[in-house]
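This briefing introduces a single protein chain to a reader who has not met it before. Please look over the sequence and the model shown here, then go through the points by topic.

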Amino acid sequence: MVYLIPSEFGGRDKPIYDNYKGQFYWQTQNCKDCVDWLACYYFESSFLQPNSKSLCKIILGETIKSIESCNFPVGKQFCIREGNKFVGVGLILENRAKIV
């Protein structure tokens, strides 16, 4: 589940669409500041408007999946960044990752 932060709270003012390439930002005790610049997002309705939420599928790049301590447990949160700005937040509902 992903929520797109609206511009009045520092997020986006335009929607994002399938194949969006925002940075997947993940932080846990064992994996500090893990960022995947190759993450690709696909939304339930093909796009996501600011101040709305949607189920989405995230395809992670091999770089972040190769970090042994990053196992992406169900129920944990992540962020979507554009540069140094957080534009979305999410909750992992299911994990189908194949860790390398």
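A residue is called buried when its relative accessible area is under 20%, exposed when it is over 50%, and partly exposed in between. By that rule, buried residues make up 38% of the 100 residues in the chain. The model is predicted.

**Overall make-up**

- The chain has one helix and 10 strands as its secondary structure.
- Along the sequence these elements come in the order β-β-β-β-β-β-β-β-α-β-β.
- Among the contacts with a separation of 6 or more, 56% join residues that are 24 or more positions apart.
- The surface exposed by the chain is about 6200 Å², and carbon and sulfur atoms supply 52% of it.

**Strand pairing around β10**

- Strand β10 covers residues 85-91 and pairs with strand β1, residues 2-4, in the antiparallel sense over three bridges.
- Within this pairing, Val 2 has Gly 90 in β10 as its bridge partner.
- Strand β9, residues 77-82, also runs antiparallel to β10, and six bridges join the two.
- Glu 82 has Lys 85 in β10 as its bridge partner.
- β9 and β10 form a hairpin with two residues between the strands, where Gly 83 takes a positive phi near 65 degrees.

**The nonpolar core**

- The largest nonpolar core has 16 residues, and those that touch the most other members are Tyr 20, Phe 24, Tyr 41, Phe 78 and Ile 80.
- Two or more residues of this core come from each of β1, β3 (23-26), β5 (40-43) and β9.
- Beyond its neighbours within four places in sequence, Tyr 41 is in contact with a list of residues that includes Tyr 17, Tyr 20, Phe 24, Cys 56, Ile 58 and Ile 80.

**Phe 43**

- Phe 43 is part of strand β5.
- Is Phe 43 buried or exposed? Phe 43 counts as buried because its relative accessibility is 6%, which falls under the 20% cut-off.
- Not counting residues up to four places away in sequence, Phe 43 touches Ile 16, Tyr 17, Asp 18, Tyr 20, Leu 48, Ser 54, Leu 55 and Cys 56.
- Phe 43 and Val 2 are 41 residues apart in sequence, while their C-alpha atoms are 8.9 Å apart in space.

**The salt bridge**

- How many salt bridges does the structure hold? The structure holds one salt bridge.
- Its partners are Glu 82 and Arg 12, with the closest N and O atoms 2.4 Å apart.
- Glu 82 lies in strand β9 and Arg 12 in the loop between β1 and β2 (16-17), so the pair ties together parts that are 70 residues apart in sequence.
- Arg 12 counts as buried, at 17% relative accessibility, whereas Glu 82 counts as partly exposed, at 26%.

**A nonpolar patch on the surface**

- Which residues form a nonpolar patch on the surface? They are Met 1, Leu 55, Leu 91 and Leu 93, and together they have about 310 Å² of accessible area.
- Leu 91 belongs to strand β10.
- Leu 91 is partly exposed because its relative accessible area is 32%, which lies between the 20% and 50% cut-offs.
- Leu 55, another member of the patch, is also among the residues that Phe 43 touches.

Conventions. Residues numbered from 1 in each chain as written. Predicted model: local features only at pLDDT ≥ 70, side-chain atom pairs only at ≥ 80, totals over all residues. Heavy atoms only, no water. Helix = DSSP H or I, 4+ residues; strand = E, 2+ residues; numbered from the N terminus. Buried < 20%, exposed > 50% of the residue type's maximum accessible area, 1.4 Å probe, protein only. Contact = heavy atoms within 4.5 Å. Areas by Shrake-Rupley, 256 points an atom, 1.4 Å probe, with all protein chains shown as cover. Pairing = 2+ DSSP bridges. Patch = residues over 30% accessible without salt bridge, like charges linked within 9 Å, V, L, I, M, F, W, Y side chains within 5 Å. Salt bridge = Lys/Arg side-chain N within 4 Å of Asp/Glu carboxyl O. Core = buried A, V, L, I, M, F, W, Y, C linked by side-chain atoms within 4.5 Å.
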